[in-house]
Amino acid sequence: MKNYRRSIATILVAFLSISVFGQRAIRVYQDDSMPMKDRVEDTLSRMTLEEKIAILHAQSKFSSPGVPRLGIPELWMTDGPHGIRPEVLWDEWEQAGWTNDSCFAFPALTCLAATWNEDMASLYGISIGEEARYREKDVLLGPGVNIYRSPLNGRNFEYMGEDPFLASKMVVPYIKGVQQNGVATCVKHFALNNQETDRFTVNVNVDDRALYEIYLPAFKAAVQEGGTWSIMGSYNKYKKQHGCHNQYLLQDILRKEWGFEGTVISDWGGTHDTRQAITNGLDMEFGTWTDGLAAGVTNAYDNYYLAKPYLDLIKLGQVDTTELDDKVRHVLRLTFLTAMNRNKPFGSLVSDEHVLAGLGIAEEGIVLLKNKNNTLPINLHKVKRIAVVGENAIKMMTVGGGSSSLKVKYEISPLQGLKNRIGTQAEITYARGYVGDIGSAYNGVVTGQDLSDNRSEEELIAEACALAEKSDCVIFFGGLNKSNQQDAESYDRLWYELPYNQDRLLEYLCQANPNLIVVNISGNAVAMPWVDKVPAILQGWYLGSEAGNALAEVLVGDINPSGKLPFSFPKKLEDCSAHSKGDFPGANGQVHYDEGIFVGYRWYESQNIAPLFCFGHGLSYTQFKYGALKADKKELTSSDKITFTVDVSNSGNRSGSETVQLYISDLESSLPRPVKELKAFKKVKLMPGQTKSVSFTVDKSALSFFDPEKHQWVAEPGKFAAIVGASSLDVKGKVNFSLKQ
Ligand code: BGC
């Protein structure tokens, strides 16, 4: 009898496992040869109401639950955008204390934009995607493409500059690179997040033309050309609705006009209203912390706007499940593309390739702003004593700045980089010069540096000047430093000038030794009242792990600089349109972008305001000569294309790269237009004596403006000029053409 029972049980188990196995084999959603749509619908049909609600919101600081019962995995997010954020505790911003989460820091995105090299953006995306993949992350919270409206915005360093065309071109390869790793980009912060002051509450008043021509194009390119799998809503309001549940931005524009099929993820704490979140396009809610905890609820996440409050509304019959199912579809699609993607490659962390990529991007992004009398590169045959001055020569820059702060495997400081490169070829001495931020920790990541210094300002200046006097040249590393109000999330800068009395120190330094090279470390433009007294200036950005090596190579000339500014440096803050025509950061909960489309160089040129350094500016250690700009036709119809060609030669004696920039000027228009706008660019590498022919083909989209009345892009027949330049102001050639009816 016993044996009989046992064999019945065995048969039953065998039968069950076959049927379970059989059932598994036919589960459509697990079969990645099936179309995505079928897999999504199949999963949807198997999920309970509670399971659907659960995947719409966080379960921890950076993860959302999957559907354990169905084997749908969790989704794990990470910042972004220039390195993989260290692991934090489940419910806290503090460190989890892992020892395997130190990453490679890539240069911040202003530097990437300054390369003007789409191949570099691709390499960047592939590399950071591999780091995210290795860390088992599904969504990288970046890149950021908010337009540089004011030099005071604390987060400009995370973005790609003031020009919508440049940002659009650079964001696309970044996205493709990341996503080929089975890691989604989450392009942020959609949209109009152009300041940190009052970022959770400020309502942005902007006209449609500026919205479509300036603030949206990079997001549109990210969606339509880059194919980003997710996008992050912004904190601020537009038309009085928060960006994370904004009907105009998310429904009307993103979904309907652009056809976005991906997932809308809230910024952390950017969700404020259940009904708006339901109807206005938000798919996943993160960071709302912690409604309900005070009421003694065990799991705060259940009280997120898209959690129990949503479930209750459905159960009460006050909302139906149409939106719910759509949201779930979006989240499932994201999951299939990332966490459930069986074809994704393995990643790697701090690989040799990443080091080379980061170094290469840094080398290409550094901008030579000024180089009087060929002060740079430093001639090590002549220069035997180098005084390095400034806190930024030694301060770790990868820690700090907000959510993009990193825990790095290593970071080469500028001083270390110079020592590595120069060795015994010259004597390098160091003086602090000023004391800025002595902080050495961020969110529990400790740099290990002790930057405390009790000396007075006069003592510091005296020491630096004494060293400068005895040296053949002085390299000053200053600028901002990612501490609060100095290029950091949550805080805008308070003023345009350099902090910590650096301007005063620089006045003394150029008297002590006029052979002074200034390296400005920042992600923002800064005032330079000493500009005429200093022969050489480099824009050094936040260059990540390889910062010091890249800077040293440029300073001594191993690398010929080829970066171009992705934003203008105004002479003074009031020159900037956000501070003269519009307002920044606004008042009483409102900010007015009254400058409209006239942002950055579009404003300076229209007002004839000479900037300190213009958009697109960047010098080289060699010289480039431009031939005449030619067009392949004089007239084009609206279905035509037109090609402009220019020969560019390297007339100097070392190889170098030049970014040839094509701007279009609308010579007769029914609406006001900028003097000219960037519509194409190409970076070419040229050996000494070499000439390359550079061609740009554009169509009427390069001639168009956004007509707010018609609510569409319009290319008005009439006269145009194509202008080729080495920067927005260094015009090398011009050719007129017209668009026929
Ligand atoms: C930032 C986002 C970031 C998120 C998660 C927010 O405060 O605005 O850019 O991705 O936090 O850290």
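**Backbone oddities**

I started at Pro585, which sits in the loop between helix H18 (577-580) and strand E18 (590-592). The model I have open is a predicted one. I checked the peptide bond from Phe584 to Pro585 and found it cis, with omega near -5°.

Next I went to Asp487. I noted a positive phi of about 80° there, although Asp487 is not a glycine. On the map of elements I placed Asp487 in the loop that runs between strand E15 (473-479) and helix H16 (502-512).

I then looked up a second cis bond, the one from Lys188 to His189, with omega near -10°. Where does His189 sit? I found His189 in strand E4, residues 184-190.

**Ligand site**

His189 took me straight to the ligand, since I had seen the name in the shell list too. I got 15 residues surrounding the ligand, and the closest are Asp79, Arg155, His189, Tyr235 and Asp267.

I went through the contacts to ligand oxygen atoms one by one. For His189, I have a polar side-chain atom 2.7 Å from an oxygen atom of the ligand. For Arg155, I read 2.8 Å between an N or O atom of the side chain and a ligand oxygen. For Arg85, I noted 3.2 Å from a polar side-chain atom to an oxygen atom of the ligand. How much of the ligand's accessible area does the protein cover? I wrote down 96% of the 310 Å² that the ligand has on its own.

I also sorted the shell by class: six nonpolar residues, two polar and seven charged.

**Largest pocket**

I moved on to the largest pocket and noted about 930 Å³ of space in it. I listed 36 lining residues, with Phe165, Pro217, Glu225, Lys679 and Ser701 nearest the centre. Which elements give two or more residues to this lining? I have three helices and three strands on my list: helix H6 (164-179), helix H7 (208-215) and helix H8 (217-224), then strand E24 (677-686), strand E25 (691-699) and strand E27 (712-714).

Why does the largest pocket lie between domain 1 and domain 3? I checked the bounds: domain 1 (8-29 + 36-337) and domain 3 (624-739) both contribute lining residues, so the pocket lies between them. By class I sorted its lining into 16 nonpolar, eight polar and twelve charged residues.

**Cavities**

Last, I went over the cavities. I found five of 30 Å³ or more in a search of the whole structure. For the largest cavity I put down about 100 Å³ of space. I noted 14 residues lining it, and those nearest its centre are Met397, Glu411, Ile521, Leu543 and Ala547. How does that lining divide by class? I have eight nonpolar, four polar and two charged residues for the largest cavity.

Conventions: Residues numbered from 1 in each chain as written. Predicted model: local features only at pLDDT ≥ 70, side-chain atom pairs only at ≥ 80, totals over all residues. Heavy atoms only, no water. Near = heavy atom within 4 Å. Polar contact = N/O pair within 3.5 Å; in protein donor to acceptor, adjacent residues only side chain to side chain. Areas by Shrake-Rupley, 256 points an atom, 1.4 Å probe, with all protein chains shown as cover. Nonpolar A, V, L, I, M, F, W, Y, C, P; charged D, E, K, R; others polar. 1 Å grid on protein atoms, 1.4 Å probe; cavity = no way out; pocket = protein on both sides within 12 Å on 5 of 7 lines; lining within 4 Å. Points joined across faces, edges and corners; volume = space filled by probe spheres on them. Helix = DSSP H or I, 4+ residues; strand = E, 2+ residues; numbered from the N terminus. Domains from an automatic or database assignment.
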